[in-house]
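Hi there,

Here is the structure I promised to pass on to you. Have a look at it first, and my notes come after it.

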Amino acid sequence: MNKTLLFFTVLVIATCGLIYELIAGALASYLLGDSITQFSTVIGTYLFAMGIGSWLSRFIERGVAQRFVEIELGVALVGGLCAPMLFLTFALTDIFRVALYGNVLVIGTLVGLEIPLLLRILKDQLKFKDLVSQVLTFDYLGALAASITFPLLFVPKLGLVRTSLLFGLLNALVGLWSTWLLAPVLAHPVRLRVKAVALSIFLVVGLVMGDRLTNFSEEHLYADDVVHATSSPYQRIVLTRGKRGFSLYLNGNLQFSSLDEYRYHEALVHPVLVRAGKVERVLVLGGGDGLAAREILKYPEVKNITLVDLDPAMTGLATRYDELAELNAHAMEDPRMHVINTDAMEYLREKPEMWDVIVVDFPDPNNFSLGKLYTTGFYKLLKRRLAPEGVAVIQSTSPMFARRSFWCIDTTLKAAGFWTQPYHALVPSFGEWGYVLVAHEPAPPRRPLPQGLRFLTEDTHEGLFQFPVDMSPLPAEVNRLNNQVLVHYYEEEWRRWN
């Protein structure tokens, strides 16, 4: 029995086990939102299941090596199919959470059986202290390898479905080579090899068809035809085309439809630009699709636009994908545009420049990583970067569907020291949508709207700042980095409409 290869086996199965856990957490975050909750519950369930597996290992008294190989093949099958199965479950049924946690429980239980059985297989080869220390060392090294390669290599290069199938194949190969490593103590090695080879072929076929499986799932997930889909280290980006026109989804959430996006972006950009003392230097935070920049470039006085978006895959798509580039009027290629791919909070913290106008176009605060960009800490950084006569605007979710969330953003901006002026606009794809205009001092209009707008006029512009009773202010706590109350408001309110 080759001890070196057995320790290498520990390394591989530890890597595979953690990859399945990460796939389940990432996929749940993509489809359900609130990444903190999803990863926390998936990790907790997985560790609990591993404990169950470790406890169950005591009942395996005979044929330990045989059972180890069979468990490897079981992990290969269930783990390899976890991502395609969960995508299809979400798209075709209403039992996604049942399937998610059932899958995590099964995989965790099987993975929990692996190490105790390996320890028993190796117990006659090493002293107990050496056995435990070496097995656990390779187990933890495998976990490190998985945690580094999953976000940096496998998700952006392969996507979740093919990553799942690839590591299922690795587990099947572990089972196959274990039939030779453990041949002296296996009762039916040939039978196990046939099963391992058959499973490996099945997973290779799945790996080759991985894109088709993903496309099939997404075709059922979205009402319109998927014309482009890609995964970056930060999000799943999907473009669709149908009766509503051309649409962008990030992690399953609609960002715009070409049918009416002009309403959203005209309302986002023009009320703030007509109030600024100067509009020479404009900072856009988020807005990687280039549509806000398109509206800003309608002002000839603008000399510089810096767009800060975390994801280079999104800003690259806005430049290279013909239909999106045409929709944003090739704004990303304008010589006045400067695109920086970095975290917006880090950018504000590190760069001392002052800006005449700041447009904040982040996705809604549906998880804690986004919620930090709606806190007093972030808004105080924003205030320090806004010129004395400067004006900024923050997209602020729906004052109709998430009323308390909207007014929480307004309350938080006031707590950061801003003068605020909330407003809203009707965007058919989203319903009533909200924004908060902010400045150091009250900022009345200073210039007329540009010509050629499709939605805003001088009259409709003034009407944006009037709120009916059902969208009027509600009391709300200040959203701080240490409480993230906005994320809880948002999740509770939007749950009623989904």
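Below is what I found, from the overall picture through the helices and strands to the empty spaces.

A word on the ground rules. This is a predicted model, in which local features need pLDDT of at least 70 and side-chain atom pairs count only at pLDDT 80 or more, while totals for chains, interfaces and linings use all residues. Residues are numbered from 1 along each chain as its sequence is written, and side-chain values use heavy atoms, with hydrogens and water left out.

**Overall**

The protein has 18 helices and eleven strands; helices (H or I, at least four residues) and strands (E, at least two) are DSSP runs, numbered from the N terminus. Along the principal axes, the C-alpha atoms fill a box of roughly 85 × 40 × 40 Å. Of the 498 residues, 56% are buried, where buried means under 20% relative accessible area, exposed over 50%, and partly exposed in between (1.4 Å probe, protein chains only).

**Two helices**

The expected span of a helix is 1.5 Å times one less than its number of residues. For helix α3 (residues 64-80), the 17 residues should span 24 Å, and the end C-alpha atoms are indeed 24 Å apart. Twelve of the 17 residues of α3 are buried, so this helix is largely enclosed by the rest of the structure. Among the buried ones are Phe-68, Ile-71, Leu-73 and Gly-79, and also Gln-66 and Glu-72.

Helix α5 has 27 residues that should span 39 Å; its end C-alpha atoms lie 40 Å apart, which agrees. It is mostly covered too, with 19 of the 27 residues of α5 buried.

**The parallel strands**

Two strands pair if DSSP finds at least two bridges between them. Strand β5 (residues 281-286) is mostly covered, with five of its six residues buried. It runs parallel to strand β6 (residues 304-308), to which five bridges join it. From β5 the chain crosses through helix α10 (residues 291-296) to β6, and this β-α-β crossover is right-handed: with the strands pointing away from the viewer, the path from the first strand over the helix to the second runs clockwise. β5 also pairs with strand β8 (residues 355-361), again in the parallel sense and over five bridges. Leu-283 is a handy residue to click on, as its bridge partner in β6 is Thr-306 and its bridge partner in β8 is Ile-358.

In a regular strand the side chains alternate between the two faces of the sheet. Both faces of β6 are covered: Asn-304, Thr-306 and Val-308 are buried on one side, and Ile-305 and Leu-307 on the other. β6 is joined to strand β7 (residues 337-340) by four bridges, and these two run parallel. Ile-305 stands opposite Met-337 in β7, and Ile-305 is also the bridge partner of Val-282.

**The antiparallel strands**

Strand β2 (residues 236-242) has five of its seven residues buried, so it is largely enclosed by the rest of the structure. β1 and β2 pair in the antiparallel sense over six bridges, and the hairpin that joins them goes through four residues. Here Thr-230 has Ile-237 in β2 as its bridge partner. β2 pairs with strand β3 (residues 245-250) over six bridges as well, in the antiparallel sense. That hairpin has two residues between β2 and β3, and Arg-241 stands opposite Phe-246 in β3.

**Empty spaces**

The search used a 1 Å grid over the protein atoms alone: a cavity is a set of points where a 1.4 Å probe fits but cannot get out, a pocket is an open set with protein on both sides within 12 Å along at least five of seven lines, and lining residues have an atom within 4 Å of a point. Grid points are joined across faces, edges and corners, and a volume is the space filled by probe spheres set on the points.

The second largest pocket holds about 280 Å³ of space. It is lined by 17 residues, and the closest to its centre are Leu-158, Gly-159, Arg-162, Asp-211 and Arg-236. α6 (128-181) gives the most to this lining, with eight residues.

The whole structure has two cavities of 30 Å³ or more, and the second largest cavity has about 30 Å³ of space. Residues that line it include Tyr-20, Glu-21, Cys-82 and Asn-103.

Best wishes
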